[in-house]
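Student: I would like to go through this complex with you, beginning with the surface that faces one of the DNA strands. Could we look at it together?

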Protein chains: 2
Amino acid sequence: MDIEERKKVAAFANAISNPVRVEILYFLANRNQCYFGDIKKDLPLCKATVSQHLKELKKVGLIQGEIEGPKTKYCINAEKWNEARQLLDEFLSGSNNICKCGSH
Amino acid sequence: MDIEERKKVAAFANAISNPVRVEILYFLANRNQCYFGDIKKDLPLCKATVSQHLKELKKVGLIQGEIEGPKTKYCINAEKWNEARQLLDEFLSGSNNICKCGSH
DNA sequence: ATCATTGTTTGTATTTTTACGAACAGTTGC
DNA sequence: GCAACTGTTCGTAAAAATACAAACAATGAT
């Protein structure tokens, strides 16, 4: 795994590093489509903050949004989602080392 | 996956969310033991900053350190490492949804 | 056209993260 | 003891992340 891939690992992990965003992703992963309002209802935060988190998830590509009438429909971007899964798995598969330190 | 596990997902992801920490983990994952000085040599940062990152990785349990003479030996904590791997994989396995949004 | 509904964007305050130098602490060798 | 080496901790500055209210924009209904 080269340096560029490792940077992607950090970027994907960064998207998942916030409990709110984990909740959003979990929510989206368990329905195949939903509106902003549904996501917002699930969270104890104001709409601006929710929108901000969604924007960040969109930025790394893990989700995508589509304007539908007056509402916005969000869902997981399967392609990026799988890329993240594969990258993180590859990264975390990288250690078959037996630890030589004490304090177990 | 319950809320507590999802919080752990966020916590592990948070440890991996920084490029420097990814480099440290990658470095450690590819040797089975090494000293603070070796890690520091690999990074363009002052020792205080490196120490800080190591402290954070130790806090979530992904690595462990052991004082050995005047040096400190660090290595991956295999148990936590595997827990992180399993949790993240489970989380990212959670979406078999076909996206219903456009803009592909 | 006007109004209510749905989200986004902007401005801002607070907190957290990241990085550094300096001070400190422990170990080894003289 | 004292000096050299290895890391950690402390204090602090700068940047980024998080959250909110208010303003804004777009659509749909009346």
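Student: Which elements each supply at least two residues of the surface near DNA strand C?
Tutor: This is a predicted model, in which local features need pLDDT of at least 70 and side-chain atom pairs count only at pLDDT 80 or more, while totals for chains, interfaces and linings use all residues. Residues are numbered from 1 along each chain as its sequence is written, chains are lettered from A and ligands numbered from 1 in the order in which they are written, and side-chain values use heavy atoms, with hydrogens and water left out. Helices (DSSP runs of H or I, at least four residues) and strands (runs of E, at least two) are numbered from the N terminus, and those asked for are α3 (36-41), α4 and β3 (71-76) of chain A, together with α4 of chain B.

Student: Which residue of chain B has a polar side-chain atom 2.8 Å from a phosphate oxygen of DNA strand C?
Tutor: Around DNA strand C there are 21 residues, of which A:Phe36, A:Ser51, A:Tyr74, B:Asn18 and B:His53 come nearest; a residue is near a strand if one of its heavy atoms lies within 4 Å of it. From chain A, the side chain of A:Ser51 places a polar atom 2.8 Å from a phosphate oxygen of this strand. From chain B, the residue with such an atom at 2.8 Å is B:Asn18.

Student: On DNA strand D, what share of the atoms that come within 4 Å of the protein do sugar and phosphate account for?
Tutor: DNA strand D is surrounded by 21 residues, and the closest are A:Asn18, A:His53, B:Phe36, B:Ser51 and B:Tyr74. Of the strand's atoms within 4 Å of the protein, the share of sugar and phosphate is 65%.

Student: Which side chain has an N or O atom 3.4 Å from a base nitrogen of DNA strand D?
Tutor: A phosphate oxygen of this strand lies 3.0 Å from a polar backbone atom of A:Cys46, and a phosphate oxygen is 2.8 Å from an N or O atom in the side chain of B:Ser51. The base nitrogen, in turn, is 3.4 Å from the side chain of A:Gln52.

Student: How many salt bridges are counted between chain B and chain A?
Tutor: The two chains bury about 4,000 Å² between them, buried area being the accessible area (1.4 Å probe) lost on putting the parts together, summed over both. A salt bridge requires a side-chain nitrogen of Lys or Arg within 4 Å of a carboxyl oxygen of Asp or Glu, and one joins A:Arg6 to B:Glu23 at 2.8 Å, N to O. The count between chain B and chain A is 4.

Notes:
Polar contact = N/O pair within 3.5 Å; in protein donor to acceptor, adjacent residues only side chain to side chain.
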